[in-house]
Amino acid sequence: MAPGSRPMAPGSSPPVSPSRYRQRAQDAPEGRVSGRAAPSTLLLLLAYLAYLILGTGVFWMLESPAAHDSSERFQRDKWALLRNFTCLDGPALDSLIRVRGERGGLGAGGIIQAYQNGDVILGNTTSMGRWEFVGSFFFSVSTITTIGYGNLSPSTMAARLFCIFFALVGIPLNLVVLNRLGHLMQQGVHRCARKLGGTWKDPAKARWLAGSSALLSGLLLFLLLPPLLFCHMEGWSYVEGIYFAFITLSTVGFGDYVIGESPLPMSPGHLLCARPWG
């Protein structure tokens, strides 16, 4: 017995040092941790989706009547212009309104403003930019992810007030979800590195390979492959698709490129595939 140390009581176990605790934590099977984390992550994702659907329903309910009234006023103004300017037909006027609205042009002020607010339907314009279910869901996602493209914004005071409270809760919830998903992906990379390290007997090389593979997969999945889909859906070039993907993922969201506003027809499957980037 060391000088100054207390004698142990009969039947008691020796004290465990902090380093021993750390060793036990490292040796513990990771399946227990991931097994407990998976159900909680699933519940968190379900709560996140339910919150988005709640916001979608409220925005749709508050904004659709005003958008309907604005759309009717737009149609009246449009036909008034067609009566006064007989050199224009309906499709030509739609193209003029779309081009001048997207470029911030002035002229026919009420019509241009209605188009920029997402209250009107021009040609094959999809519901991404209107206050229908898809457009309201699009707005809810862009709000709590802080992307804020600016192509769609609430016009009624009730919707604006609700948007404040919706964002106050939704933005922290979005950060929690991203943090949880990032933690799970990190655990997956570490698990792969340990398995490879045990096979190759070279932990450093296994960690490098697992990290590089995860980085390459992320670049392919979120930055390099999506532009191919945008080229087909929106008629953009590949460089424009990369630009849009980066601006969206970085949450800058200038709004100069937004999916679903091309005159090309889009199926619900296309919109579903493009949803993570818009």
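1. Disulfides first: the structure holds 0 of them, taking a disulfide as a pair of cysteine sulfur atoms within 2.5 Å. Of the cysteines, Cys163 is buried at a relative accessible area of 16%, while Cys192 is partly exposed at 44%. Here buried means under 20% relative accessible area, exposed over 50%, and partly exposed in between (1.4 Å probe, protein chains only).

2. A word on the ground rules: this is a predicted model, where local features need pLDDT of at least 70 and side-chain atom pairs count only at pLDDT 80 or more, though totals for chains, interfaces and linings use all residues. Residues are numbered from 1 along each chain as its sequence is written, and side-chain values use heavy atoms, leaving out hydrogens and water.

3. On confidence, the protein chain averages a pLDDT (the predictor's confidence in each residue, from 0 to 100) of 75, and 59% of the residues score at least 70. Residues 21-29 stay under 50, and so the following caution is worth keeping in mind: where pLDDT is low, the predicted coordinates should not be read in detail.

4. Now the packing. The largest nonpolar core (buried Ala, Val, Leu, Ile, Met, Phe, Trp, Tyr and Cys residues joined through side-chain atoms within 4.5 Å) has 17 residues. Among those with the most contacts inside this core are Tyr48, Phe59 and Trp131.

5. Phe59 deserves a look on screen: its contacts (heavy atoms within 4.5 Å) include Trp131, Phe139, Phe162 and Cys163, not counting residues up to four places away in sequence. A second, separate core of 9 residues includes Trp236, Phe244, Ala245 and Val258.
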